[in-house]
Amino acid sequence: MRIGPIAENLLEFAAVLLRLGPRPLLETHSALLLAQALMVATRVGLFEALGESPLTVSQTASRCGTDERATARLLRVLEATRYVRASNDGRYAVTADARGWLLEGSPHSLHDNVLFRFVEWEWVGRLEEFVLSGRPLDIHTEMTGDQWALYQRGMRSLAGALAREVALRTPVPRGASAMLDIGGSHGFFAVALCRRHPGLRAQILDLPEAVSQAAPILAREGLGDRVVHRVGDARTAELGIGTYDLILISNLIHHFDEAESRAMIRRAAGALRPGGLLVIQDFFPPSSTRRAGQTAALLDLYFALTSESGTRSFEELAAWEKGAGLAPRRPLRFLTFPGAGQQNAAKPR
Ligand SMILES: C[S@@+](CC[C@H](N)C(=O)[O-])C[C@H]1O[C@@H](n2cnc3c(N)ncnc32)[C@H](O)[C@@H]1O
C-alpha cells in the first residue's frame, strides 16, 4: 500500500496521469494536516459525539468543547476524507469507516492507536537529527509516564485488528499448556490464544513501565491467573530451560539489533519444551520494494529512528532460528493486516 494522489474528478485524473499535480505538496502539506486533523478530532471526542447521534456544527462544537468556526473546517476535512457525512439538514454523522476504525467501542477500533500518534509526532519531528547523525532515539528509555500509557493503549488497540486471525492461524502445539509472550505489553494476543486453547496459560514479560500501564488493560479481559504479567528485561530475564510449549515474540524483534535478536532467539529456543513452538510475529517487508514497498519502507525507517533496528525478512529470522537449533516453518502472512506475519520454528523432539 502507498500514500499518493487519488484523483477526485476527470481533470485531476488527467493531471495524475500526466504527472502534472504538485505531488510533493500533497505528500507533505496535505499529509501533515490530514494526520493532525484525524488525531485532533479523535482527541476532542468528535467521532464519539457524532457516533451517538448526528449533530450540527454548533452542537458538535458544544459537545466537544471546541471553537465553532474551527470545528466547521475540521468537519469539512473529515467529510472530504469520508470519515463523516453531512445530510441535507446540515447535521453530520460518522461513516462506516469511522464507526469501525475510530469509535472506542468497535472491536477493531484504532482510537487509542491514533492517540499514540501524538507521542510519535514528537519522535518523527526528530527524523532529520537521525538522518544526519545515524543515532536512533531510544524510546524505551525516554518516554514519560503519560507516553508509556499512550504507548501501551496504542499497542492494544492495534492488536485488536489482528488478534482473531492470530488465534485462528497460530499453529499451537497439541496439548500446549504453558506460553510466554516476550514484550507482550497488553497481553491481548496471549488472551486470544488462551481463549481458543482452554488448556493454555500465559505469562506476559515486559519492562516495569509497560507492565504498570498494561496491567489494567489485561485485567479488563477477565482471564484472571491464566494470563499474568511478569516484569523483566527480555534481553536478560531468566527464561528457564524446557519450560514453555509456546513462546511468542510479537513486534519486539524490530527494536533489537542483530546480536540481541539472535541471543533472544537462542534463549527462547532453550526455554522451549521439545516439540514447542517459537512464534516471531512482526511486520515483514514485501520481497520487492518497487512493487509494494512504501508502507513497509516507511515502517522500516520508523523502527530505525525509534530503536536500534528495523524490519527483518522471513529469511533472516528463519536463519537465526535454524542457528538456534530450531526447525523453521514456512512464513505465514496475515490476511486481515497487510504486512503482518509470523516466522515460526519448532523445537525438535
Ligand atoms: C511494539 S510493542 C509490542 C507489544 C505486543 N507484543 C504487540 O505485538 O502488540 C513492544 C513491547 O515490547 C516491550 N519491550 C521493549 N523492550 C523490551 C525489553 N528489553 N524487554 C521486555 N520488553 C520490552 C515494550 O515495552 C512494548 O510493550
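This passage describes the domains, the nonpolar core, two helices and the ligand surroundings of a predicted model.

The domain assignment divides the protein chain into domain 1 (10-101) and domain 2 (154-346). The C-alpha centres of domain 1 and domain 2 are separated by 35 Å. At the start of domain 1 (10-101), Leu-10 belongs to helix H1 (residues 10-17). Leu-10 has 8 other C-beta atoms within 10 Å and is therefore exposed, since a residue counts as exposed at 12 or fewer. Between the C-alpha atoms of Leu-10 and Glu-104 the distance is 37 Å, with 94 residues separating the two along the chain.

The largest nonpolar core contains 79 residues. Met-179, Phe-189, Ala-190, Ile-247, Leu-248, Ala-268 and Leu-278 have the most contacts inside this core. Because domain 1 (10-101) and domain 2 (154-346) both contribute residues, the core lies between them. The surroundings of Ile-247 were examined further. Leaving aside residues up to four places away in sequence, Ile-247 touches Leu-180, Ile-182, Ala-268, Ala-271, Leu-272, Leu-278 and Val-279.

Two of these partners of Ile-247, Ala-268 and Ala-271, are also among the buried residues of helix H14. The other buried residues of H14 are Ser-261, Met-264, Ile-265, Arg-267 and Ala-269. The packing partners of the buried residues in H14 are strand S3 (178-182), strand S6 (244-250), strand S7 (272-283) and helix H17 (314-323). Helix H14 (residues 258-271) has 14 residues, so at 1.5 Å a residue a span of 20 Å is expected; the end C-alpha atoms are 20 Å apart, in agreement with this value.

Helix H13 (residues 208-219) consists of twelve residues. From the first C-alpha to the last, H13 reaches 16 Å, close to the 16 Å expected at 1.5 Å a residue. Buried positions in H13 are Ala-210, Val-211, Gln-213, Ala-214 and Leu-218. In general, an α-helix has 3.6 residues a turn, so residues three or four places apart point the same way. The buried residues of H13 pack against H10, S4 and strand S5 (227-231).

The ligand is surrounded by 17 residues, of which Gly-183, Ser-185, Ala-210, Ala-234 and Ser-250 come nearest. Helix H10 (145-160) and strand S4 (201-206) are the elements that give two or more residues to this shell. H10 and S4 are also among the packing partners of the buried residues of H13, and Ala-210, one of the nearest residues to the ligand, is buried in H13. By class, the shell comprises seven nonpolar, seven polar and three charged residues.

Note on methods. Residues numbered from 1 in each chain as written. Predicted model: local features only at pLDDT ≥ 70, side-chain atom pairs only at ≥ 80, totals over all residues. Near = placed C-beta within 6 Å. Helix = DSSP H or I, 4+ residues; strand = E, 2+ residues; numbered from the N terminus. Nonpolar A, V, L, I, M, F, W, Y, C, P; charged D, E, K, R; others polar. Expected span 1.5 Å × (residues − 1). Buried ≥ 20, exposed ≤ 12 C-beta atoms within 10 Å, placed from the backbone. Contact = placed C-beta atoms within 7 Å. Core = buried A, V, L, I, M, F, W, Y, C linked by C-beta atoms within 7 Å. Domains from an automatic or database assignment.
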